[in-house]
Amino acid sequence: MLPDTIACHCCDQIQNLDDIKHGQRAHCSRCGHLLAHRDDNGVNKASAFAISSLIFLFLALPFPFLAFESQGRTQQVSLLESGYDLLQLGFPVLALVLTLFILLVPALLLCAYLSVLLPLKTNRYFPMMYPIARVIFTLHPWGMAEVFLIGVLVSLVKIAGMADIIIGMSFWAYVLFAICLIATITSIDKHQLWNSIDIATGLQRKSPQAEKGSALLQGLQSCHHCELLAPIEQHQCERCGSDLHPRTPNSLQKTWAYLITSVILYVPANLYPIMHTRLLGNDEPSTILGGVVVLWQHGSYPIASIVFIASILVPIGKMLMILWLAFSVQAGHQHRVEERIWMYRLTELIGRWSMIDVFVVAVLVALVQLGGLISITPGIAAIAFASVVVFTMLAALSFDPRLIWDNLSKAEIASINKGQEPLNDLLDDVT
Ligand SMILES: [Zn+2]
Ligand SMILES: [Zn+2]
């Protein structure tokens, strides 16, 4: 018996998933959120892609990634050295951002996937599978392999006029690694992975009795990590062991704190140069907007548009959307609920893509170091901008979208039955 009754992560609506067949997707009947995608070969597919991805990552490490040739002098960089080079040049934050988001997190994610998937293939179980599965879903938003690749392409366009660029074998290995990593993640979803572990353990786990409607109003809460339903009196998830809360604790306070920090950091990120190009002794600083203008003037319209969208439109749009979400929940708004849920999903989806410009700077700094001839160094705005991206991601992750629906539930309860005050008190208590 598998726990096929879950509460939607976005709106807390109880949903039953036991009718989904192979190849089908289940969306929430209230908010449209994708709840599950059943693929009976999910474990096999995901493990094959994870093994391939890890092999390509190893192949991407030792060989040249990119080489830069100007007036007979060549500078080449490998992925393994790039972080170390940035550290040696005196840019530890950039070295950390690059190594963490494009190598360490994806490698850890793949190892975590494999250590759960490979035993599952033979229906074996070991107790650490549950905490490892928790690590997998915590790491998901922080792996940025595909964002880095777009950053590399933008960097190539930026320096194409200055010198000859040679694309190394590691670059192609990294492209294949990124494709296989995305295929791993999309082959098996959260619901199926947790249920597969339950099957391997042989445990007969059953969902508590629940009717259609909000889980909280029926005295139930959903585990943030494994989605198992539990009574609200329970403090620890019996499946994955994580702490249980009906709603993310202090969600609004955390969202406001991260949002205000990112707004403050966004000012220096735009006012100060993101990088300095030193060409034959002349220092040319460029800001984020300045970089877009130069790309546009040089006729690189698609790349200029990508950088403009990723570095200017996305962060501003994301900050405004989080601001509106937090404000509307705090003010108790009950209208335009679907629109706000759509906004929330968009902020979750687009946040990482703003890291493109930071990766562009990291690649250029690691690659273009030809002494007095030409060299590129990062500006203070690179660190400020990387922090903006991280803090806006944290703001979106801290925001609990179920709070949007709770305002609606309070109004419904009040209009249906004035005697149901304990339910409204319950909603007030958790927010
Ligand atoms: Zn929903
Ligand atoms: Zn759990």
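**Exercise 1. Helix 9 and its surroundings**

Helix 9 is followed by Gly299, whose phi is positive, near 85°; starting from this point in the predicted model, determine which residues of helix 9 are buried, on which side of the helix they lie, and which elements they pack against.

*Solution.*
1. Helix 9 spans residues 288-297, and its buried residues are Ile288, Gly291, Val292 and Leu295.
2. These residues cover an arc of only 100° around the axis, which puts them on the same side of helix 9.
3. The partners against which the buried residues of helix 9 pack include four helices that can be located by their ranges, namely helix 5 (145-159), helix 8 (251-271), helix 10 (301-330) and helix 12 (356-367). Helix 13 (380-398) and strand 11 (282-286) are also among the elements that these buried residues pack against.

**Exercise 2. The sheet of strands 5, 6 and 7**

Work out the strand order of the open sheet of three strands, identify its edge strands, and describe how helix 2 and helix 6 are placed on these strands.

*Solution.*
1. The three strands of the open sheet follow the order 6-5-7, and their pairing is antiparallel.
2. Strand 6 (73-78) and strand 7 (164-167) each pair on one side only, and they are therefore the edge strands.
3. From one strand to the next, the twist averages 15°.
4. Strand 5, residues 64-70, runs antiparallel to strand 6 and is joined to it by six bridges; within this pairing, Ala67 has Gln76 of strand 6 as its bridge partner.
5. Two helices can then be added to the picture: helix 2 (residues 79-88) lies across strand 5 and strand 6 and runs at about 105° to strand 6, whereas helix 6 (residues 169-187) lies across strand 5 and strand 7 and runs at about 140° to strand 5.

**Exercise 3. Salt bridges and burial**

The structure holds eight salt bridges. For the pairs Arg38 and Asp4, Asp12 and Arg247, and Asp400 and Arg402, decide whether the partners are buried or exposed, taking under 20% relative accessible area as buried and over 50% as exposed, and, for the Arg38 and Asp12 pairs, state which parts of the chain are tied together.

*Solution.*
1. The side chains of Arg38 and Asp4 meet at 4.0 Å, N to O, in a salt bridge. Arg38 belongs to the loop between strand 4 (34-37) and helix 1 (42-60), while Asp4 belongs to the segment before strand 1 (5-7), so this pair ties together parts that are 34 residues apart in sequence. Arg38 has a relative accessibility of 18% and so counts as buried, and Asp4, with 12%, counts as buried as well.
2. In the salt bridge between the side chains of Asp12 and Arg247, the N to O distance is 2.9 Å. Because Asp12 is in the loop between strand 1 and strand 2 (14-16) and Arg247 is in the loop between strand 9 (229-231) and helix 8, the pair ties together parts that are 235 residues apart in sequence. Asp12 is buried, with a relative accessible area of 1%, and Arg247 is buried, with 3%.
3. The side chains of Asp400 and Arg402 form a salt bridge at 2.8 Å, N to O. Asp400 is buried at a relative accessible area of 2%, and Arg402, at 8% relative accessibility, counts as buried too.
4. Finally, salt bridges that share partners join Asp12, Arg247 and Asp406 into one network.

Note on methods: Residues are numbered from 1 along each chain as its sequence is written. Chains are lettered from A and ligands numbered from 1 in the order in which they are written. This is a predicted model: local features need pLDDT of at least 70, side-chain atom pairs count only at pLDDT 80 or more; totals for chains, interfaces and linings use all residues. Side-chain values use heavy atoms; hydrogens and water are left out. Buried means under 20% relative accessible area, exposed over 50%, partly exposed in between (1.4 Å probe, protein chains only). The arc is that of the directions from the helix axis to the C-beta atoms. Contact means heavy atoms within 4.5 Å. Two strands pair if DSSP finds at least two bridges between them. Axes are lines fitted to C-alpha atoms, for helices over the stretch in contact, and angles run from 0 to 180 degrees between N-to-C directions.
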